[in-house]
Amino acid sequence: TTTNPRLGIVFLPQKVGPLRIHASAGTGFVTPLASQLAGLTDEVVGVQRRITRGNPNLSPEESTSYDIGVGYESNVLGADLTYFDMDNKNKIESVFVTNTATKRESTYVNASDASATGWELTLQGDPGLLLGGEGGAWLWEATSTYYTERTQNLPAGVSPLRNVARMKFNTSLGYTNGPASVRLSARHVNGMIDQDFSARRI
């Protein structure tokens, strides 16, 4: 049994105005997967045998997080900038026990702790209104997340958080005309450490 409280606050400097200030804080709890506790995979790739074993001694992950930000909203443009801070205890990670040319064995461990801080920026607007025309047909959206810190403590020492990119950027432009609509999207990821057993960094 676990209880994970969370509190969120929104403050409007003016009763009717475009600005808002928001903040939240809370805790989280994640139990290990069955495969992380008792799984076993054994395969051969080329000349290397690859074994992944579960760890029955894993503890659940626990997290504490908070964020604070400011937002702006009008019929032409919306924007939000948020600072976030996350701390994890007992974070579950995959680590190598053996890694040679002919044999690689991995298992799961609880990292003693992990932390991440950064900024998230969200923008959206109506290009038609921004260019002085009629609104409602076009919609532009963009979201970017940048981590100023993303580290974890493993038995081998401090390392970057795996599968957490330093920077992510998503944008899209959509157009709607009656029953028809079209949407163009793009995504950029930079500076991610990956341990998927096929790629080291993307």
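Here is a chat between a student and an author about how the labels on this predicted model are earned.

Reader: What should I know about the model before we start?

Author: It's predicted, so nothing here comes from an experiment: local features need pLDDT of at least 70, side-chain atom pairs count only at pLDDT 80 or more, and totals for chains, interfaces and linings use all residues. Residues are numbered from 1 along each chain as its sequence is written, and side-chain values use heavy atoms, with hydrogens and water left out.

Reader: How many helices and strands does the protein chain have, and how do you know what to count?

Author: Two helices and 11 strands. They are DSSP runs numbered from the N terminus: H or I with at least four residues for a helix, E with at least two for a strand. Reading from the N terminus, the order is β-β-α-β-β-β-β-β-α-β-β-β-β.

Reader: How do you know whether the protein chain matches a compact globule in its radius of gyration?

Author: Set the value against the rule, which is 2.2 Å times the number of residues to the power 0.38, with the radius taken over C-alpha atoms. For 202 residues a compact globule would come out near 17 Å, but the protein chain has 22 Å, so the two don't match. The C-alpha box, taken along the principal axes, is roughly 65 × 40 × 30 Å.

Reader: Why is threonine 145 called buried?

Author: Its relative accessible area is 9%, and buried means under 20%, exposed over 50%, and partly exposed in between (1.4 Å probe, protein chains only). So threonine 145 is buried. In the whole protein chain, 31% of the 202 residues count as buried.

Reader: What makes the link between threonine 145 and glutamate 120 a polar contact?

Author: The side chains are joined at 3.2 Å. A polar contact is a pair of N or O atoms within 3.5 Å; within protein, one must be able to donate a hydrogen and the other to accept it, and residues adjacent in sequence count only if both atoms are side-chain atoms. So 3.2 Å fits the distance limit. Threonine 145 sits in strand 8.

Reader: Which residues does threonine 145 contact, leaving aside its neighbours within four places in sequence?

Author: Phe84, Trp119, Glu120, Arg166, Met167 and Lys168. Contact means heavy atoms within 4.5 Å.

Reader: Lysine 91 is a lysine, so why does lysine 91 count as buried?

Author: The label goes by the number: lysine 91 has 18% relative accessibility, so it counts as buried. Lysine 91 lies in strand 6 (residues 77-99), and a polar contact of 2.6 Å joins its side chain to that of glutamate 93. Beyond its sequence neighbours within four places, lysine 91 is in contact with several residues, including Glu61, Val109 and Leu161.

Reader: Asparagine 90 is in strand 6 too; what label does asparagine 90 get, and why?

Author: Partly exposed, because its relative accessible area is 25%. Its phi is near 60°, a positive value in a residue other than glycine.

Reader: What makes the largest nonpolar core a core?

Author: A nonpolar core is a set of buried Ala, Val, Leu, Ile, Met, Phe, Trp, Tyr and Cys residues joined through side-chain atoms within 4.5 Å. Here six residues qualify: Phe84, Ala114, Ala116, Tyr147, Leu161 and Val164. Tyrosine 147 has contacts that include Phe84, Ala116 and Val164, leaving aside neighbours within four places in sequence.

Reader: Why is the pair of tryptophan 138 and tyrosine 175 called tilted?

Author: Rings of Phe, Tyr and Trp (its six-membered ring) pair if their centres lie within 6.5 Å; planes under 30 degrees apart count as stacked, over 60 as edge-to-face and the rest as tilted. By this rule there are three aromatic pairs. For tryptophan 138 and tyrosine 175, the centres are 4.6 Å apart and the planes make 50°, so the pair is tilted. Tryptophan 138 is in strand 8 (residues 138-154) and tyrosine 175 in strand 10 (residues 167-177), 37 residues apart, which links distant parts of the chain.

Reader: Are tryptophan 138 and tyrosine 175 buried or partly exposed?

Author: Tryptophan 138 is partly exposed at 38% relative accessibility, and tyrosine 175 is partly exposed at 27%.

Reader: Where is asparagine 55, and what does its side chain reach?

Author: Asparagine 55 lies in the loop between strand 4 (48-53) and strand 5 (61-73). Its side chain reaches the backbone oxygen of tyrosine 108 at 2.9 Å. With a relative accessible area of 17%, asparagine 55 is buried.
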